[in-house]
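Me: I am new to this structure and would like to understand it step by step. Please answer a few questions once it is shown.

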Amino acid sequence: MIILDNVTIAYGQGHRRLVAARDVTLAVPEGAAVGLVGESGSGKSTVLRAIAGLIPYSDGHITLAGKSVGKRRTTAEKRMVQMVFQDPYGSLHPNQTVDQILAMPIAIHRLDKGEARIAKALSEVGLGREHRYRYPHQLSGGQRQRVAIARALILEPSILLLDEPTSALDVSVQAEILNLLARLRREHGLTMLMVSHDLAVIAHLCDTIGVMSRGLLLETTTADAMASGEVVHEYTRQLLRSNAGFDRSSVSAGDLDISAA
Amino acid sequence: MTAAPVPGTMRAWLLAPAPASRMQARFGRWFRAWLGFRRNPLAMSGLIIVLALVLVAIFAPLIADPDAAIHQVLEDRLQESSWAHWFGTDELGRDIYARVVFGSRITLTIVALVSMIVVPVGLGIGLPAGYFGGWIDTVLMRITDIFLAFPRLVLALAFAAALGPGIENAVIAISLTAWPPYARLARAETLTRRQAEFIQAAELQGASHFRIIATQIVPLCLPSVIIRLTLDMAGIILTAAGLGFLGLGAQPPSPEWGAMVSSGRQVLLDQWWVATIPGIAIFVTSLGFNLLGDGLRDVGDARG
């Protein structure tokens, strides 16, 4: 469904050019959920935004649903890929009610039965009628993220991109949102690509996990292999150790050479 | 919030935590802003002054004799305050009370026309500059800089002198000098929101640039533009009065406050009321708009 072929993404020009992701090759089959894990600045969010079409890529090819997508996306291509952002406080317009937020995509794509679609999207993400005419500041963090998910799903996309969808939420709410995403994936046959720095969150939702560091996709493995520690790359082992809790040995002496493997 | 509203009342409907319609949600939001505004006594006095001015302008023929404002009675010239002439008469025997009342119409007309020109022009220049950036931003902002480089009153005087005296030309002259700060404000407000995730979400959903600017950015820019406009009203009124004082604004016999101050200048020492009464009208109106603007700003701050 999503195929990245040697994609390089760079910001800036000339000597100020900064390569955020280099030669990333990744395939996400239809209906699969793939996670990208890595620390801050590893380029994982950059890759997600390039797939969404929010930032251009300088080299390589991105193929979505069998079609190579260019710099300018058509309306149909935009409808196919939707995204849930990290911060539910920043991704909802502060002066618009939930109803207005959900009505805009319907107006853009001139969809019919708007009224029914909004009601259905709200009930799918577990929000009731009483939430429909509230402003974002009248909702909790978890409810806001549900609105953001409803906004992404109202266009009936086949691909859902998730940029750390739970990292701004309470731990108790995180599980609810993850279970909601897992259920929606089952019900709609969504293809998901999720980015997170939290291995537990990724492992909960994704079967395949890619490990990124400093703009490189180091290795692609499965959640089971991760759990049993069967990983190839030294960086992944370090990541696993640091996720296991504070452990002095996880802080390796000196700089780790990530280009070794 | 204070005590819980009694169910079934208008107040309960407005403050409902779960509104049942778009309209109820919108009115509820305005009502909450109004509750915040009402707690500020200075802002309320500003609002009362501005409302009083508007009412005076609308009902001018009912509270003053329109004929007395322009009819010259030379044997009654320069009379002191009396029951017949509350604020006295001017050097042509016209009733100053009636002239001040009818002058409010001219002042409000100028203020309204200037706002209707300045806000669309300011937004039209500032929003694309902030949204698109790059060379569009550079070109639009350098044009703004050129207008900003001239001292405001001098530029307005030059335009008014070149276009010829009159209210319409005074409005154009004031507007030409008043829009650049609005363009800058709109640009700055747009820049702070340009990278917001809700804008990216709208882009991702396929919203056009026009739709994003109109539905996502304008609602966030408008409050600060309106506050700025209210605070600028005092300056606009003073500029209009200044142009009238110099004979470049409204022409005689129309009862423009600035022109009235100007005509009372020669008799300032002996018949002080001729210049002072319209001066007080200008002062109170400017003060009212300023207090109102301050109050609106405080309400805006509390919410943002």
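**Chain B, a helix of chain A and the nonpolar core**

Me: How many helices and strands does the secondary structure of chain B hold?
Reply: The model is a predicted one. Along its sequence, chain B follows the pattern α-α-α-α-α-α-α-α-α-α-α-α-α-α. Its secondary structure accordingly comes to 14 helices and 0 strands.

Me: What share of the residues of chain B counts as buried?
Reply: A residue counts as buried if 20 or more other C-beta atoms lie within 10 Å of its own. Chain B has 304 residues, and the share of them that meets this cut-off is 40%.

Me: Why do the buried residues of H3(A) line one face of the helix?
Reply: Helix H3 of chain A spans residues 98-108, and its buried residues are Val98(A), Ile101(A), Leu102(A), Met104(A) and Pro105(A). They line one face because, seen down the axis of H3(A), they fall within an arc of 140 degrees.

Me: Which helices do the buried residues of H3(A) pack against?
Reply: The partners come from both chains. In chain B they are helix H11 (197-204) and helix H12 (209-245). In chain A they are helix H4 (114-124) and helix H5 (141-153).

Me: Which helix gives the most to the largest nonpolar core?
Reply: The largest nonpolar core has 144 residues, and those with the most contacts inside it include Ile51(A), Leu161(A) and Ala170(B). The helix that gives the most to this core does so with 16 residues. That helix is H6 (residues 96-132) of chain B.

Note on methods:
Residues are numbered from 1 along each chain as its sequence is written. Chains are lettered from A and ligands numbered from 1 in the order in which they are written. This is a predicted model: local features need pLDDT of at least 70, side-chain atom pairs count only at pLDDT 80 or more; totals for chains, interfaces and linings use all residues. Helices (H or I, at least four residues) and strands (E, at least two) are DSSP runs, numbered from the N terminus. A residue is buried if 20 or more other C-beta atoms lie within 10 Å of its own, exposed if 12 or fewer, and partly exposed in between; C-beta atoms are placed from the backbone. The arc is that of the directions from the helix axis to the C-beta atoms. Two residues are in contact if their C-beta atoms, placed from the backbone, lie within 7 Å. A nonpolar core is a set of buried Ala, Val, Leu, Ile, Met, Phe, Trp, Tyr and Cys residues joined through C-beta atoms within 7 Å.
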